[in-house]
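Reader: I'm new to this one and would like a close look at a single part, with whatever helps me place it in the rest. Could you walk me through it?

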Amino acid sequence: MATEQYDYVIVGSGTAGSVLANRLSADPDVSVLVLEAGGSRIPPEVDDPSSWYKLLGGPVDWGYTSVPQPGLGGRRTYEPRGKAPGGSSNLYIMMHIRGHASDFDNWAYQGAAGWAYEDVLPYFARLEGQEDVTAATTGTDGPQRITNAGLHGPNPVSRAFIDAAVELGHREIADFNTDGPRRGLFGTGWHHIDVADGRRQGVLAAYLEPALTRPNLTLRTGAQSTRLLFDGDTCTGVEYAQLRAPATLSDSDVPGRTVRDAHSGASTPGTHTVRARREVIVAAGAIESPKLLLLSGIGHPDALREHGIEVTAAVPGVGENFHNHVLAGLMAEVTQELPAPAQNLSESALFLSSRPGLPAPDLQIAFVHVPFDVIVGQDHPNTVSILPGVVRPVSRGWIRLASADPLAHPLIHPNYLGDRWDLERMVQGVKLAREIFATSAFSPWYKQELQPGPGTVSDEELRTWVRQKSESYHHQAGSCRMGIDDLSVVDPELRVHGVRNLRVVDASVMPAVPSGNCHTAIAMIAERAADFIGGPNRGA
């Protein structure tokens, strides 16, 4: 069988991969192949904004589990990641948050020159198709349709949350992305969400599906990349395993719709290779991207030799700097029957700093008008939840190979609450959540606290509860860090150090995860990468 060739091969059709697939294939003179490990079926819950939680642990979720977490008393955490066209953009909770301006200035200070806030701002605006203009920098013509949750019949208890935060002295702002004298985010208000006409507007709907009619874009599903191919120090292509579909299932057996390109047929099961005439772009996310580099001999030489992998390039930072936001869920039963779930279930929030003098919020206090724990919710259906989260964690972990088997899950160590400051900020967030429940503004709704419960009072009791209940915020990042120091993996144009014709474009390149939900920042990174790849650096 002849080896296939394309100008660009993209590994992964998640948030960044879908943006790149659209932008690169807009040039009809180039050919683009996207390799996606997940299947082609998209469950109906992907499109329904209020059903996102039903997707967790299902067929479009990798369903990773961490190694035991010392900061959580040795518990393992569930780490969802998307596995289908659209990737984790099918799972995220649709909050449209750019991050604080200082998040990106910090990237630049860490060696990612050209990624300061003023540099990335045009790329945020490029992707946005927002319905309400809240500032001169709001994007209105981009493919990502964005609505203001407060303008579309929000749940009244979401309004009570905002009023409660205002009662505690926090400023209500019109848009977390543009408002406020402190360069955004600080304050409470309505979320802008990637929802329109009652449907999720992730990258699948905004970028990938509109491009699949193009004859120069090929999407291959069920195709798990197993290693990158090299000629000397030049990446020339990808080896992938075309996985066999379950014998007992056909498209008609699985609810939902099928996503495929308009021209290519199915690939035969087995091992295949594909050549890239110009570049390979790894966009598999903060867990799978470092894994693929390691399998391909790019990493710390000692770690590679441990698994019998020949060294292609000594890049010791691969898999290091892995981190994630962390949250816990307080639940309160309310006095009234809650309206039926609508929109994305999370319509309002509060961002603040844990102490005066910090330049950006490091605590995000999310609000959802459903029980955070479904088991508790079975007996108490009229329950709401406040989710305090540390969004500037200092704890750092890693991603490592479990074995040289390319189909094996890697070892995942987010190191949640590994640093004492992260633990103390989580306790602070829990106390603040209780203050919100205790306000006059929330009193018409508040009935009783279900979790942690009235018996958890002292700081030590709260620390114990936080260690028992903290979970992944699903914002995994940092494992192929951008920079120019010895432990960076890609340069500021996202080219992998030590090799040619290979980039990484996803959340793994973030030096530090932004101070909020990070889907928007990942799409921004891909928009910027498309300019690098299609611009004067093409083929570099």
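Author: Strand β19 covers residues 320-322, and N321 sits in it. Keep in mind that what you're looking at is a predicted model. The thing to notice about N321 is its backbone: phi is near 65°, a positive value in a residue that isn't glycine. And is N321 buried or exposed? With a relative accessible area of 16%, N321 is buried, because buried means under 20%.

Now hop along the chain to L345, which gives you another case of the kind. Phi of L345 is near 75°, again positive in a residue other than glycine. L345 belongs to a loop, the one that links β21 (330-334) to β22 (348-352). Its relative accessibility is 0%, so L345 counts as buried too.

Another backbone detail turns up further on. Q451 and P452 are joined by a cis peptide bond, with omega at about 10°. Look for P452 in the loop that runs between β27 (446-451) and α11.

That loop brings us to α11 itself, so let's see what α11 meets. The axes of helix α10 (residues 420-437) and helix α11 (residues 459-469) come within 9 Å of each other, crossing at roughly 105°. That makes α10 roughly perpendicular to α11. On the α10 side, the contact is made by L423, E424, M426, V427, V430, K431 and R434; on the α11 side, the residues are D459, L462, R463, W465, V466 and R467. Sort them by class and you get seven nonpolar residues, six charged ones and no polar ones.

Finally, the nonpolar cores. The largest has 90 residues, and L20, W115, V280, L502, M510 and M524 are the ones with the most contacts inside it. Which helix gives this core its largest share? That's helix α12 (residues 519-534), which supplies 10 residues. W115 is a handy spot to zoom in on. Setting aside its neighbours within four places in sequence, W115 is in contact with F104, W107, A108, V120, M482, P492, L494, M524, I525, R528 and F532. There's also a second, separate core of 37 residues, and I162, V326, L432 and F442 are among its members.

Methods
Residues are numbered from 1 along each chain as its sequence is written. This is a predicted model: local features need pLDDT of at least 70, side-chain atom pairs count only at pLDDT 80 or more; totals for chains, interfaces and linings use all residues. Side-chain values use heavy atoms; hydrogens and water are left out. Axes are lines fitted to C-alpha atoms, for helices over the stretch in contact, and angles run from 0 to 180 degrees between N-to-C directions. Helices (H or I, at least four residues) and strands (E, at least two) are DSSP runs, numbered from the N terminus. Angles under 35 degrees count as roughly parallel, over 145 as roughly antiparallel, 65 to 115 as roughly perpendicular and the rest as oblique. Contact means heavy atoms within 4.5 Å. Ala, Val, Leu, Ile, Met, Phe, Trp, Tyr, Cys and Pro count as nonpolar, Asp, Glu, Lys and Arg as charged, and the others, Gly among them, as polar. A nonpolar core is a set of buried Ala, Val, Leu, Ile, Met, Phe, Trp, Tyr and Cys residues joined through side-chain atoms within 4.5 Å. Buried means under 20% relative accessible area, exposed over 50%, partly exposed in between (1.4 Å probe, protein chains only).
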